[in-house]
Structures are given as C-alpha cells and as structure tokens.
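Here are a few exercises to work through with the model open on your screen. Try each task before you read its solution.

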Amino acid sequence: MDVKRTAAAAWITLLVLCVPLVAASPPWEEEDQASPHAVMRNIAVPFPQLDHRAGIDPEVAAVIDAAIAERVGAMLQELLPFGSIIGQAEVTLDAQDVLSITMQYSGYHPPMAHPVHLMTSLTVDLRTGQIYRLPDLFAGDAYIDTISAEVARQIAEKEIGVFEEVVRIAPDQPFYLTPEALVIYYQVYEIAPYVFGFPRFEIPYEMLADIAKEGGPIDRMAGFAP
C-alpha cells in the first residue's frame with residue numbers, strides 16, 4: 001500500500017506542478033528556443049482523484065488513486081517523446097458504488113501532421129477498491145461473441161472503414177461505463193484510419209443483462225434508473 005501511495009503522490013505532484021506553468025499560453029505554443037539543441041515543451045492534463053471527504057474508506061481510496069496515477073503516468077510516458085501534452089478527463093458513471101472514468105491525452109510538436117492521441121479508462125468499485133477488467137463484468141466468456149457481433153453490426157451501420165474484414169474484441173478489451181451502456185473502444189489507428197478517431201461502440205445493458213455477473217456493475221446498473 002505504501003508503494004502505491006508513493007507512486008500516486010509522485011504523479012499527482014508532477015501534474016499539479018505542470019498545469020500552472022502552461023495556463024498563460026496556448027497548449028501547443030512553445031517558449032522561445034534558448035538553445036540550438038533544446039526546446040521547452042508544455043504539459044497540461046487534468047486527471048480524476050477521489051474526493052477524500054466523500055466517506056470512501058481511506059484504504060480503498062488509496063488503491064483507486066494509485067491506479068489512476070499509474071494510468072496517467074503510463075500515458076504521459078508514452079506521449080513525452082511527441083512534445084507538448086494536453087488532455088481531458090471525464091467521469092462517465094458514478095452510481096451504485098461504481099465509478100467509471102476516462103482520460104484522453106494528446107502529444108504534439110511541429111511539424112507533425114497531427115497530434116498523437118491516447119485514451120485510457122478505469123472502472124472501480126467504491127466499496128471494495130476492485131479495479132474491473134472486462135471479464136470481471138460477466139459470468140462466463142459468452143460476452144466475447146455477444147459484444148463482437150454488436151461491434152460488427154455498428155461498424156457496418158456507421159460505415160467505419162476498418163483495416164480488417166473481421167473485428168473482434170479482445171477478452172480484456174478497454175471499456176468504460178455510462179448510466180445506460182457499456183462502451184467498448186479502440187485506440188486511434190487500431191482498427192480504422194485517423195479520421196474515425198477513437199472508434200466507440202455502446203452496448204445497452206439490456207443486451208448484456210443475461211450474461212452479466214450477478215452483483216457486478218452491469219447487473220447493478222441494468223436495474224438502476226439514473
């Protein structure tokens with residue numbers, strides 16, 4: 001637990017220090033180059049953190065905050081070679097003791113044609129601190145075929161020009177939750193050209209209720225009217 005808290009504190013300190021430094025200038029603007037070999041980049045990214053006044057068990061809060069910090073750190077590490085970094089974060093679900101969040105960060109420096117974009121998400125149980133993977137939401141592995149079929153249907157409906165003739169989800173596909181649906185997503189360029197951004201596919205809870213794990217997030221949300 002101490003290691004996780006230390007990692008979370010380190011990244012939180014880094015980000016809090018970075019944001020004020022870029023507040024006065026446009027996100028991609030660079031400072032005048034004072035060296036022929038070095039240029040100053042900007043980092044301005046928001047990130048979620050649990051409100052420690054909300055009555056969440058401190059041990060649970062520490063685990064979740066450390067998981068958020070780990071994902072923020074991984075994205076920053078991947079984007080740092082691409083220059084300045086900006087981003088956005090969103091809480092997509094906070095109900096029935098389930099919290100689901102997404103973070104999208106982008107890295108860019110001239111003369112790149114466009115920024116490099118990354119997205120990550122985290123769905124957690126606020127009572128236990130469990131970090132949910134996609135398999136954790138279902139009673140068996142039938143979800144792979146069910147969701148893959150719906151993704152294929154939506155690809156055709158939205159006329160997304162995918163690289164492969166058949167697109168199936170991975171057993172541990174990235175996802176987030178909303179009050180109405182499970183949202184499966186892919187990274188930019190993962191299955192389709194840049195113009196399609198992050199391909200996202202909403203699967204209503206009603207479609208998944210029969211295969212959802214009893215007591216899990218989908219089971220809880222399927223009977224909950226927000």
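**Exercise 1.** Work out in which sense β1 and β2 pair, and over how many bridges.

*Solution.* Go to strand β2, residues 84-95, in this predicted model. Its pairing with β1 runs parallel, over 2 bridges. For a concrete contact, pick Ala 44: its bridge partner in β2 is Ile 86.

**Exercise 2.** Find the strand order of this open sheet and its edge strands.

*Solution.* Step one: trace the 4 strands, which come in the order β1-β2-β3-β4. The pairing is mixed. Step two: look for strands that pair on one side only; these are β1 (43-44) and β4 (116-125), the edge strands. Step three: add helix α2 (residues 58-79), which packs on the sheet and touches β1, β2, β3 (98-108) and β4. The helix direction makes about 170° with that of β4.

**Exercise 3.** Classify the ring pair Tyr 176 and Tyr 185 as stacked, tilted or edge-to-face.

*Solution.* The structure holds 4 aromatic pairs. In this one, the ring centres are 6.0 Å apart and the planes sit at 40°. Stacked needs under 30 degrees and edge-to-face over 60, so 40° makes the pair tilted. Both Tyr 176 and Tyr 185 are buried.

**Exercise 4.** Do the same for Tyr 186 and Phe 201, then say where each residue sits.

*Solution.* The centres are 6.1 Å apart with 80° between the planes, an edge-to-face pair. Tyr 186 lies in the loop between β6 (181-185) and β7 (200-204), while Phe 201 is in strand β7, 15 residues apart. As for burial, Tyr 186 has a relative accessible area of 2% and Phe 201 has 0%; under 20% counts as buried, so both qualify.

Technical notes: Residues numbered from 1 in each chain as written. Predicted model: local features only at pLDDT ≥ 70, side-chain atom pairs only at ≥ 80, totals over all residues. Heavy atoms only, no water. Phe/Tyr/Trp six-rings, centres within 6.5 Å; stacked < 30°, edge-to-face > 60°. Buried < 20%, exposed > 50% of the residue type's maximum accessible area, 1.4 Å probe, protein only. Pairing = 2+ DSSP bridges. Contact = heavy atoms within 4.5 Å. Axes fitted to C-alpha atoms, helices over the stretch in contact; angles between N-to-C directions.
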